Amino acid sequence: QVQLVESGGGLVQAGGSLRLSCAASGRTFSRYVMGWFRQAPGKEREFVAAINWSGGRTNYADSVKGRFTISRDNAKNTVFLQMDSLKPEDTAVYYCASDADDSGWWPTTLLSEYDYWGQGTQVTVSS
């Protein structure tokens, strides 16, 4: 059974930083693209960042480019999201997800391409 467990969320002031982690188990982690998504109250879940199997390819939403960095440690089955220069509009529940395709090559931005999801971690940025 695949499990994804996020951690690292919390309350931070605008301009601050947080580092989210997602620990994966139940499948060969290094074969799969991993992604981060977020959902704010009253809004649809949206793409934030994705990383391919090796970490050599990444994609970011325009709203977080230059501020967020996705990375992974395949030896520890963990994917990270370093969030800097946080803004109040970054407030949301953040979810990590695993791509359904085990080719692992292209870090897809499409929510429908991901088949396993974590429970989410709350990030709140105060102004």
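Student: Is serine 85 buried, partly exposed or exposed, going by its relative accessible area?
Tutor: This is a predicted model, and in it serine 85 sits in the loop between β8 and β9. Its relative accessible area comes to 43%. Buried would need under 20% and exposed over 50%, so serine 85 counts as partly exposed.

Student: What is the phi of serine 85, roughly?
Tutor: Look at the sign here: serine 85 isn't a glycine, yet its phi is positive. The value is about 50°.

Student: Which residue in the loop between β7 and β8 should I check for its phi?
Tutor: Go for a residue other than glycine with a positive phi, near 55°. At 28% relative accessibility, this one counts as partly exposed. It's asparagine 77.

Student: Moving on to the open sheet, what is the order of its four strands?
Tutor: Start with the edges: β1 (3-7) and β7 (68-73) each have a single partner strand, so one side of each is left without a neighbour in the sheet. From one strand to the next, the twist averages 15°. The pairing is antiparallel, and the order reads β1-β3-β8-β7.

Student: In β8, which residue is the bridge partner of leucine 18?
Tutor: Strand β3 covers residues 18-25 and β8 covers residues 78-83. They run antiparallel, joined by six bridges. Leucine 18 has as its bridge partner methionine 83.

Student: Why is strand β4 largely enclosed by the rest of the structure?
Tutor: Strand β4 spans residues 34-39, six in total. To count as buried, a residue needs under 20% relative accessible area. β4 is largely enclosed because the number of its residues that are buried is five of the six.

Student: How many bridges does β4 make with strand β9?
Tutor: β9 takes in residues 92-99, and the two strands pair in the antiparallel sense. Within this pair, arginine 38 stands opposite tyrosine 94. The bridges between β4 and β9 number six.

Student: And which residue in β5 stands opposite tryptophan 36?
Tutor: β5 runs over residues 46-51, antiparallel to β4, with five bridges joining the two. Opposite tryptophan 36 you'll find alanine 49.

Student: Which residue in the turn of the hairpin has a positive phi?
Tutor: The hairpin is formed by β4 and β5, with six residues between them. In that turn, a phi of about 75° belongs to glycine 42.

Notes:
Residues are numbered from 1 along each chain as its sequence is written. This is a predicted model: local features need pLDDT of at least 70, side-chain atom pairs count only at pLDDT 80 or more; totals for chains, interfaces and linings use all residues. Side-chain values use heavy atoms; hydrogens and water are left out. Buried means under 20% relative accessible area, exposed over 50%, partly exposed in between (1.4 Å probe, protein chains only). Two strands pair if DSSP finds at least two bridges between them. Axes are lines fitted to C-alpha atoms, for helices over the stretch in contact, and angles run from 0 to 180 degrees between N-to-C directions.
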